[in-house]
Amino acid sequence: MGVNALLNSLQTILNLIFPLITFPYASRILSVDGMGKFNFSSSIVSYFSLIASLGISTFAIREGAKYRDDRGKISKFASRVFTFNLASTLIAYIALVITLFVAPALHKYLTSILLLSISIILTTLGTDWIYTIFEEYGYLTLRNIIFKILSVILLFVFVRSSDDYLNYVGISVFASVGSNILNFIYARKLCDIKIDTHFDWKAYAVPIFTIFAATVAIQIYVSSDVTILGFLKNDYAVGIYSTSVKIYSIVGSLLMAIQVVTIPRLAMLMGQHRMREYRRVMRQLFNTFLLILLPGMTGLFMVSPEIIYIIAGPKYIASSTSLRILAFAMVGSGISGIFGQCALMPAKRERKNLISSATSAVLNIVLNFALIPFLSYDGAALTTVLAECTMMFMNYYYSRDITGFVFRDKTIIKNVIIDLLGCVGIILSCLVCQHLISSNVGRLISSVVLSGIIYVIIVLSLRQTTAVEMLEQIKFRIQH
């Protein structure tokens, strides 16, 4: 799982770096109009992609993980899920065609929308959930790297003027889902997929739509901050807050990589009623996750001004306060994800997850209207923290019979105390660097390096269990 977490982090970093390379080039070549056409067309297609995907991936990983050691059972299950996904994809395309027919304003974007819509069927054919079930992160990462490199080459060759925006659209589809055709072919090594309509569709539809509803609820409270901020304040406030959210999302996605790779393993163990092993993996997940999350949160809080200054520039320095507030949301988001995705979902309690998601969404919206008029973008950040923590507590309440042991486990409690002492070391290290170094770049680099070294020294010297185990594994691999 450690290797898988590393590979998933690498894939996440790659997905973040690729736009940083392509966007500046494309935006200069295609001009504002060309990029505007692309972004508008992409936003239209995204709604229909959501219809096609539903909650199928999460459902497939949860249910399929327990069958992965039986080729016959996993093949039957995968064929049914794939058939269900084909049906939802067909509905999405029908809805898209109707929308294009009844909305004349979209006709001038027809070609780019149709090109981008190819990603819908390719996503379905890609069956990424099969590779997650079998924990084939090595293949996914290698595939991603190759196609991202090819896409950069194609971009520089075929996007040379403002008239080439359709080439850019095609290359973007190739970069994101072009490899999915290979996925569909390679999947035969893992299971046999075919169209199978002879199954109880309702048994699949109920959990899938419940998961989908929870996803929509989460999307609502993720997006409502910016929307309400735009209505109640102005474009400046939206620009400031959007910058802090973007950086928060980047850091958060890297920290969550370890959680993602454990979901299929935990789903398999619970599905096979191997609860002793399930608790062992859950204990390991908690220890490892907090070992990484707490210093990540503390570091982001301490160096927020430097990060904002370097990434966005001095005009966005006001984003540093909202980014510092959002850093605390990582705890709620991360731990609620463990309770939700690693406990409630494998236990088939997706309706409980829907309740906590919907409650958090409503709370977030209400608090946005209450706090944004007085605190502006900082109020929007605070509502996100409160919503994430609400979801964390609710998910724990609904999964306490499964996950309650983590708060009684003496090793976990001891490790958390050590992690927090390490965070004190991070705070002191960053304060020293801020006092001694005037350059923003130098201050950021020195803060990250020094605090990282101090944190490692503290957790190892105080014998934080997971940190010591990691060190032993590194020594073993070096010796052998």
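How many salt bridges does the structure hold? I looked this up first and found 10 salt bridges. I keep in mind that this is a predicted model.

**Entry: E63 and K348**

I took the salt bridge between E63 and K348, where the closest N and O atoms are 3.6 Å apart. I located E63 in helix α2 (residues 56-64) and K348 in the loop between α14 (329-344) and α15 (350-403), so this pair ties together parts that are 285 residues apart in sequence. I then checked how covered the two are. E63 counts as buried because its relative accessibility is 7%, under the cut-off of 20%. K348, at 46% relative accessibility, counts as partly exposed. I also noted that R62, E63, K66, K348 and E350 are linked in a network of salt bridges.

**Entry: R283 and D409**

I went to R283 and D409 next, whose side chains meet in a salt bridge at 2.5 Å, N to O. R283 belongs to helix α12 and D409 to the loop between α15 and α16 (410-436), so parts that are 126 residues apart in sequence are tied together by the pair. I recorded R283 as partly exposed, at 27% relative accessibility, and D409 as buried, with a relative accessible area of 13%.

**Entry: D401 and R349**

I found another salt bridge between the side chains of D401 and R349, 2.8 Å from N to O. This pair links distant parts of the chain, with D401 in helix α15 and R349 in the loop between α14 and α15, 52 residues apart. D401 counts as exposed at 57% relative accessibility; R349 counts as partly exposed at 24%.

**Entry: aromatic rings**

I turned to the rings and found that the structure holds 16 aromatic pairs. I picked Y131 and Y186, a stacked pair with 6.0 Å centre to centre and 15 degrees between the planes. Y131 is in helix α5 (residues 128-133) and Y186 in helix α8 (residues 180-186), so I noted a link between distant parts of the chain, 55 residues apart. Y131 is buried, at 0% relative accessibility, while Y186 is partly exposed, at 25%. I also listed one aromatic cluster, formed by F59, Y67, F77, F84, F199, W201 and Y204.

**Entry: charges over rings**

I looked for charged side chains over rings. The charged end of R324 sits over the ring of F301, 5.1 Å from the ring centre. R400 lies over the face of Y397, at 4.0 Å from the ring centre.

**Entry: helix α6**

I checked the length of helix α6 (residues 137-158). Its 22 residues should span 32 Å at 1.5 Å a residue, and the end C-alpha atoms are 31 Å apart, which agrees. I then looked up its buried residues, which include Y137, L140, N144, F147, S151 and L155. Charged residues are on the list too, among them R143 and K148.

**Entry: nonpolar patch**

Which residues make the nonpolar surface patch of about 800 Å²? I listed Y309, I310, I311, I317, V441, I445, V449, I453 and I457. Helices α12 (275-311) and α17 (440-461) each supply at least two of the patch residues. I noted that α17 gives the most, with 5 residues. From the patch I picked I311, which I placed in helix α12. I311 is exposed because its relative accessible area is 60%, over the cut-off of 50%.

Definitions and conventions:
Residues are numbered from 1 along each chain as its sequence is written. This is a predicted model: local features need pLDDT of at least 70, side-chain atom pairs count only at pLDDT 80 or more; totals for chains, interfaces and linings use all residues. Side-chain values use heavy atoms; hydrogens and water are left out. Helices (H or I, at least four residues) and strands (E, at least two) are DSSP runs, numbered from the N terminus. The expected span of a helix is 1.5 Å times one less than its number of residues. Buried means under 20% relative accessible area, exposed over 50%, partly exposed in between (1.4 Å probe, protein chains only). Patches are made of residues with over 30% relative accessible area and no salt bridge: like charges are joined within 9 Å, nonpolar side chains (Val, Leu, Ile, Met, Phe, Trp, Tyr) within 5 Å. Accessible areas come from the Shrake-Rupley method with a 1.4 Å probe; for residues, only the protein chains shown count as cover. A salt bridge is a side-chain nitrogen of Lys or Arg within 4 Å of a carboxyl oxygen of Asp or Glu. Rings of Phe, Tyr and Trp (its six-membered ring) pair if their centres lie within 6.5 Å; planes under 30 degrees apart count as stacked, over 60 as edge-to-face and the rest as tilted. A charge sits over a ring if NZ of Lys or CZ of Arg is within 6 Å of the ring centre and within 35 degrees of the ring normal.
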